[in-house]
Amino acid sequence: MLCVVGARPNFMKIMPLMRAFAARAPELNVKLVHTGQHYDVEMNSQFFNQLGIPTPDVSLEVGSGTHAVQTAEIMKRFEPVVDEHAPDAVLVVGDVNSTIACSLVAAKKGVRVVHVEAGLRSRDRSMPEEINRILTDQLSDRLYITEDEAIGNLIAEGIRGDKIVHAGNVMIDTLLACRSDAAPATETLGQALGEAASKWLEGGYGLLTLHRPSNVDDAETLQRLLATIARLSERLPLVFPMHPRTQARIEEYGLGGIIGPSRVAVLGPQGYLEMLGLLDGTRLVLTDSGGLQEESTALGVPCLTLRENTERPVTIREGTNVLVGTDTAAIEAAFEGALSRGRSAERRPRNWDGRAAERIVDDLAAWLKQ
Ligand code: UD1
């Protein structure tokens, strides 16, 4: 069987699966394919090192490009890999371009597609990930879901119920497995900020991430968000590990001056263990990331999602997530609310118990024998 990863959020999802394959189903002869969608050390290899993910058996080294170019390039380079290995299935995770590209190649070659983290829907087709989710699920023969809503989403799109398995959340497997190894926030901030770090930590800090095209690719929206962030930092210092896309847009639009003088500490992209430590130490999270919505819920950290929708509604219904959009007044009000609420009990929606990968591998091993 071939397992595919390409971009940063895939790495945390594949880690527990690779472990479970090695421990429970070595006969499946799993090979790891890395498309190279993300390639910088800080977006890529440091995750392999920290998470102990085996070195990929195949590296496609596609790099960046427009969606069409990147997706097409992955398909072109993945096809001969499928021909050479003749796998009995291709397993994909998440919703990035590598996910749909490799699913499409496999499905057209009559190779079964297995999708981990299936059935999530934002109902916003302007998100590239939503297109990737819908199409990947249509092509999949076995669909492992992380939350109950996914069943209805998939059935409504005509997918047979007997293909769907509620396995839980592999990202939370990784969080629970790595929590005791997390890098303390004091160390990460000390390294990044030097002497000034103690000032940041005195009254606590908020953790911010921002990289969705809808938030960072439009100059006016990005300017508004950065101005809001600078204002919020007067209330609570913010730590901002910045995605390369966001950094490039801030430079392109000349917006660096907005947060420059504020109490926003801009860091480069962080490793998994550093991010986990920052998350465990923060008073609240401001984000447009999908993974952080789930991780905040698992840790009981208040999460304000700077989007109009979420494909992960369980984090609102059962967890700490609040959808606030990008309106300044709404963000400010929610920020105050979250600060006064503080941390809540850790919440584990159904099957977010650290054993999702084990369930997937056991089910897959049995299903592939059928
Ligand atoms: C991709 C995923 C998104 C995921 C995000 C996490 C898709 C459609 N999107 O978005 O779902 O949340 O990864 O990071 O697959 N770049 C670098 N170094 C790298 C990788 C990218 O500098 O290692 C820069 C490039 O300039 C590139 C830009 O970041 O053009 C965006 O990268 P890309 O992979 O196209 O999309 P992401 O925004 O990272």
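**The ligand and its surroundings**

An oxygen atom of the ligand is 2.9 Å from a polar backbone atom of Asn97, a polar contact being a pair of N or O atoms within 3.5 Å. The model is predicted, so local features need pLDDT of at least 70 and side-chain atom pairs count only at pLDDT 80 or more, whereas totals for chains, interfaces and linings use all residues. Residues are numbered from 1 along each chain as its sequence is written, and side-chain values use heavy atoms, with hydrogens and water left out.

Two side chains also approach oxygen atoms of the ligand: a polar side-chain atom of His38 lies 2.8 Å from one, and an N or O atom in the side chain of Arg245 is 2.7 Å from one. On its own the ligand has 740 Å² of accessible area, of which the protein covers 85% (Shrake-Rupley method, 1.4 Å probe).

The ligand sits in the largest pocket, where sitting there requires more than half of its atoms to lie within 2 Å of the grid points; a pocket is an open set of points, on a 1 Å grid over the protein atoms alone, where a 1.4 Å probe fits, with protein on both sides within 12 Å along at least five of seven lines. Elements giving two or more residues to the surrounding shell are α3 (67-85), α5 (128-139) and α12 (244-252), helices being DSSP runs (H or I) of at least four residues.

Of the 18 residues around the ligand, Gln37, His38, Asp40, Glu129 and Arg245 come nearest, a residue being near if one of its heavy atoms lies within 4 Å. The shell draws at least three residues from each of domain 1 (2-169 + 352-368) and domain 2 (182-341), with bounds from an automatic or database domain assignment.

Methods:
A polar contact is a pair of N or O atoms within 3.5 Å; within protein, one must be able to donate a hydrogen and the other to accept it, and residues adjacent in sequence count only if both atoms are side-chain atoms. On a 1 Å grid over the protein atoms alone, a cavity is a set of points where a 1.4 Å probe fits but cannot get out, and a pocket is an open set with protein on both sides within 12 Å along at least five of seven lines; lining residues have an atom within 4 Å of a point.
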